[in-house]
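Please look through the backbone of the model shown here. The notes after it take up some local features first and then turn to a helix and its packing.

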Amino acid sequence: MPRFASAAHHERVAARVGSWLGIAFGLCFLTGLLSHLIQHPQPWFAWPSGPAWLYRVTQGTHVLSGIVAIPLLLAKLWSVYPKLFERPAVRSALHGLERLSILVLIGAAFFELFTGLFNIAQNYLWGFYFPTAHYAVAWIAIGSVLVHVAVKLPIIKRAYEPAAPNPDRRRFLRTTALTAGVAFVATAGATIPLLRRVSVLAHRSTADLPVNRTAAAAGIEVPDGWRLEVVAGDRTSTFTLDELAALPQATEELPIACVEGWSASAQWGGVRVAELLRRCGAEPGADVRVTSLEKAGLYSRSVLPGTHTRDERTLLALRVAGEQLSPDHGYPCRVIAPSRPGVLQTKWVTRIEVIA
Amino acid sequence: MRAALFALGLAALAWGSWLAVDFATASWRDTWQSLAIFVGGPVLHDAVVAPIVGGTALLLTRVLPPAWHTAVKAAAAATAVLVLLAIPLLWHPFGVPTNPGLHDRDYATGLLIALGVVWLVAATTGLITSKRRPTP
């Protein structure tokens, strides 16, 4: 059996790194749950349309807390590594169960961090649908964290009792915090403008407004006689691009905040969705279904909830940064609403239908 | 408090397992791939990563003068983390979609710069510590 002499393996270290990791996992779970609920609306859940930066912050927190959890998890595992060699390996049924629950905890934690990290790089090593798997295992991860904390509570309490300072333990904790900080600074520029040039490993580069799906990838061809169709009850209104441009125009500074954790603010110009609905005989505050020219694909349509159609900042954008939308940004028109995941800011819009 | 945490944890575990079974029974390929990641992570860590970390730490402790221990070990840990974070950006066997503004930095150069900064700070710290503290 190996001999572990380092102060890093002390329970006071394990408890502290564990607390930090618990906070990171807790933040990651809660913000991930929010994002899931926004994309899978429930009757009991409403997501506000303001402040406009809200989703940018919650989803940025989701991805960054996950990234910071990587060094924290490794430090925590190193801290408790000697326990792997405990003999006898299983002392009782209960002890066996506890060890098994730790295997589940580590497996789930690794699964979440690994799939999350590769997913934000759009580097799909697997064939399965990421959101479903990442969501299911998130519950397993947080559940086994809670069970683990409950089991270890007496040790955690003991570990936080006052004790004489130990420089070796302190050094390990400082190094752990330092590596977490390095991970943060190296990646956070994906969403924090101040770090944009500093974060050399950010998945978003320094472009003003990234594109997550190009017109070519989505197979978009805008037909010659393109018209926007707005359906409200049995009334259907149609608009050419010139007719949309002739309606009262508005400009809003709104962020695109991707589920993958990057964000970018831009100045959007176009018609207020509330104004468009009023002109078509519908009341702002109704839910509307937005359909894209994209034929297939999960994100070829979205439902814009009443909270967002009521919000005057929600635009059917025709322009970004003063220029007509490029094909990649959603020409002829796209939805841009405050505090929404980027996947729901449907591009290449062809039809808007009032559903409630 | 303890019982509540435990019960809440079990409930979340049960719900997650239900979702996972629902996910896994839809496709055998998905089951195998996700199980491989779930089990592969802990095994890879315990059998490969942790022994390398421990071995490196032990080696550094043996060969370095004490004043340099902390700086070099911290820099080695930071190096490992930076390399880990760079892997998905540098290594993509199945390719990545072309999306302007996303995953399109020069990550190899970026990683080298970050490592340069880390080791420069480590060297400076080590020098200052060894000047302050005479080697026994």
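**Backbone and packing**

Pro51(A) sits in the loop that runs between α1 (11-39) and α2 (54-80) of chain A. In this predicted model, the bond joining Gly50(A) to Pro51(A) is a cis peptide, with omega about -5°. The loop between α2 and α3 (93-120) of chain A holds Pro88(A), and the peptide bond from Arg87(A) to Pro88(A) is cis, with omega near 0°.

Most residues other than glycine have a negative phi, and most peptide bonds are trans. Ala321(A) has a positive phi, near 50°; its place is the loop between β7 (315-320) and β8 (323-324) of chain A. Ala321(A) counts as exposed because it has 11 C-beta neighbours inside 10 Å, and the cut-off for exposed is 12 or fewer. His103(B) also has a positive phi, near 35°, and is found in the loop between α3 and α4 of chain B. Is His103(B) buried or exposed? His103(B) is buried, since 24 other C-beta atoms lie within 10 Å and 20 or more suffice.

Helix α4 of chain B covers residues 107-132; at 1.5 Å a residue its 26 residues should span 38 Å, and the 37 Å between its end C-alpha atoms agrees with this. Its buried residues are Tyr107(B), Leu111(B), Ala114(B), Val118(B), Ala122(B) and Gly126(B). An α-helix has 3.6 residues a turn, so residues three or four places apart point the same way. The buried residues of α4(B) pack against α3 (69-90) of chain B and against α5 (167-187) of chain A.

Chain B is assigned domain 1 (1-47) and domain 2 (64-136), whose C-alpha centres lie 33 Å apart.

How values were computed:
Residues are numbered from 1 along each chain as its sequence is written. Chains are lettered from A and ligands numbered from 1 in the order in which they are written. This is a predicted model: local features need pLDDT of at least 70, side-chain atom pairs count only at pLDDT 80 or more; totals for chains, interfaces and linings use all residues. Helices (H or I, at least four residues) and strands (E, at least two) are DSSP runs, numbered from the N terminus. The expected span of a helix is 1.5 Å times one less than its number of residues. Two residues are in contact if their C-beta atoms, placed from the backbone, lie within 7 Å. Domain bounds come from an automatic or database domain assignment.
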